[in-house]
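Reader: I have just opened my first protein model and would love some help reading it. Could we go through it together?

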Amino acid sequence: MPSVESFEQLLRDLREGLPAAATTVYHRYATRLIALARQNLSGRLRRRVDPEDVLQSVFRSFFGRTAAGEFDLQSEHGLWRLLVRLTLNKCGCRARFEQAACRDVRRDQAVGPGPLDEGRFSAAGGPSPVEAAMLAEVVAYVLGRLATEPKRRIFEMSLQGHSIADISTALGYYERGVERVRAEIQQLLEGLLAAETGQDCFPQRRAA
């Protein structure tokens, strides 16, 4: 266990952005954090999300925000707790994004993720309570940012597995318009992921 003096020096070096300090932290915690990320990503989710990518996102957030003076760390134990929290938040962010209606890993076909193709919204198996809560949050996010009722109905019918042709017929909305709305939904979800991976999803300004 590092002494108080050595930890304080490490923290000062991190705040100054010194590469050697970042390397020390990385080698000290990387193996345990990768294991933690792997444990908190389901097998299906790991087909899309590499635990090492989660780790890189954690350290990008940690080093950047530490250099900005956002964290008040008092001990090695406090540093470990912070990194654990960041890792769990990153896992939750990726799960919430990947389990959103347009990209749900539980409905993956043989091909990899791509644009909103026909059938990408079809249901397959019920979510766990945690997954359902994550999905509900993403659905609410998208609905709140679709400006018109027809767009919201297109989103809702897409969630139910209807094809573009079915939606067009039911709503009297031309097919190209339906495609554009679904592309808009895709952009909203991509924006949500970008915003959430830029920092931990549930930021707290201070860590004990």
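Author: Happily! Helices here are DSSP runs of at least four residues, numbered from the N terminus. Keep in mind as we go that this is a predicted model.

Reader: Which helix holds both Phe-59 and Phe-63, and how far apart are they along it?
Author: The two residues are 4 positions apart, which is about one turn of the helix. The helix that holds both covers residues 51-67, and its name is α4.

Reader: What kind of aromatic pair do Phe-59 and Phe-63 form?
Author: Let's take distance and angle in turn. Rings pair if their centres lie within 6.5 Å, and planes under 30 degrees apart count as stacked. For Phe-59 and Phe-63 the centres are 5.4 Å apart and the planes meet at 15°, so the pair is stacked.

Reader: Is Phe-63 buried or partly exposed?
Author: Buried means under 20% relative accessible area, and exposed means over 50%. Phe-59, at 3%, is buried. Phe-63 has 23% relative accessibility, so this residue counts as partly exposed.

Reader: Why does the pair of Phe-62 and Phe-71 count as stacked?
Author: Phe-62 is buried at 0% relative accessibility, and Phe-71 is buried too, at 2%. Their ring centres lie 6.2 Å apart; the pair counts as stacked because the angle between the planes is 15°.

Reader: Which residues do the ring pairs link into a cluster?
Author: A search of the whole structure finds 6 aromatic pairs. Ring pairs join five names into a cluster, and these are Tyr-26, Phe-59, Phe-62, Phe-63 and Phe-71.

Reader: Let's move on to helix α7. Why do its buried residues line one face?
Author: Helix α7 runs over residues 149-159, and its buried residues are Lys-151, Ile-154, Phe-155, Met-157 and Ser-158. Looking down the axis of α7, they line one face because they fall within an arc of 170°.

Reader: Which residue forms a salt bridge with Arg-152?
Author: Side chains of opposite charge can pair when their charged atoms come close. Arg-152 is partly exposed at 25%, and its partner is partly exposed at 44%. The two are 3 residues apart in α7, so about one helical turn separates them. With the closest N and O atoms 3.4 Å apart, the partner is Glu-149.

Reader: Arg-153 and Glu-156 meet in a salt bridge as well, so at what N to O distance?
Author: Both residues lie in α7, 3 residues apart, or about one turn of the helix. Arg-153 is partly exposed at 29%, and Glu-156 is partly exposed at 27%. From N to O, their salt bridge spans 3.1 Å.

Reader: How many residues apart in sequence are Glu-184 and Lys-151?
Author: These two form a salt bridge, with their closest N and O atoms 3.0 Å apart. Glu-184 lies in α9 and Lys-151 in α7, so the pair ties together parts whose separation in sequence is 33 residues.

Reader: Which side chain makes a polar contact with the side chain of Arg-182?
Author: Arg-182 is found in helix α9, residues 175-197, and counts as buried at 1% relative accessibility. Its side chain makes a polar contact at 3.4 Å, and the partner is the side chain of Ser-158.

Reader: One more, please! Which ring does Arg-32 lie over?
Author: Arg-32 lies over a ring face at 4.4 Å from the ring centre. That ring belongs to Trp-80.

Methods
Residues are numbered from 1 along each chain as its sequence is written. This is a predicted model: local features need pLDDT of at least 70, side-chain atom pairs count only at pLDDT 80 or more; totals for chains, interfaces and linings use all residues. Side-chain values use heavy atoms; hydrogens and water are left out. Buried means under 20% relative accessible area, exposed over 50%, partly exposed in between (1.4 Å probe, protein chains only). The arc is that of the directions from the helix axis to the C-beta atoms. A polar contact is a pair of N or O atoms within 3.5 Å; within protein, one must be able to donate a hydrogen and the other to accept it, and residues adjacent in sequence count only if both atoms are side-chain atoms. Rings of Phe, Tyr and Trp (its six-membered ring) pair if their centres lie within 6.5 Å; planes under 30 degrees apart count as stacked, over 60 as edge-to-face and the rest as tilted. A charge sits over a ring if NZ of Lys or CZ of Arg is within 6 Å of the ring centre and within 35 degrees of the ring normal. A salt bridge is a side-chain nitrogen of Lys or Arg within 4 Å of a carboxyl oxygen of Asp or Glu.
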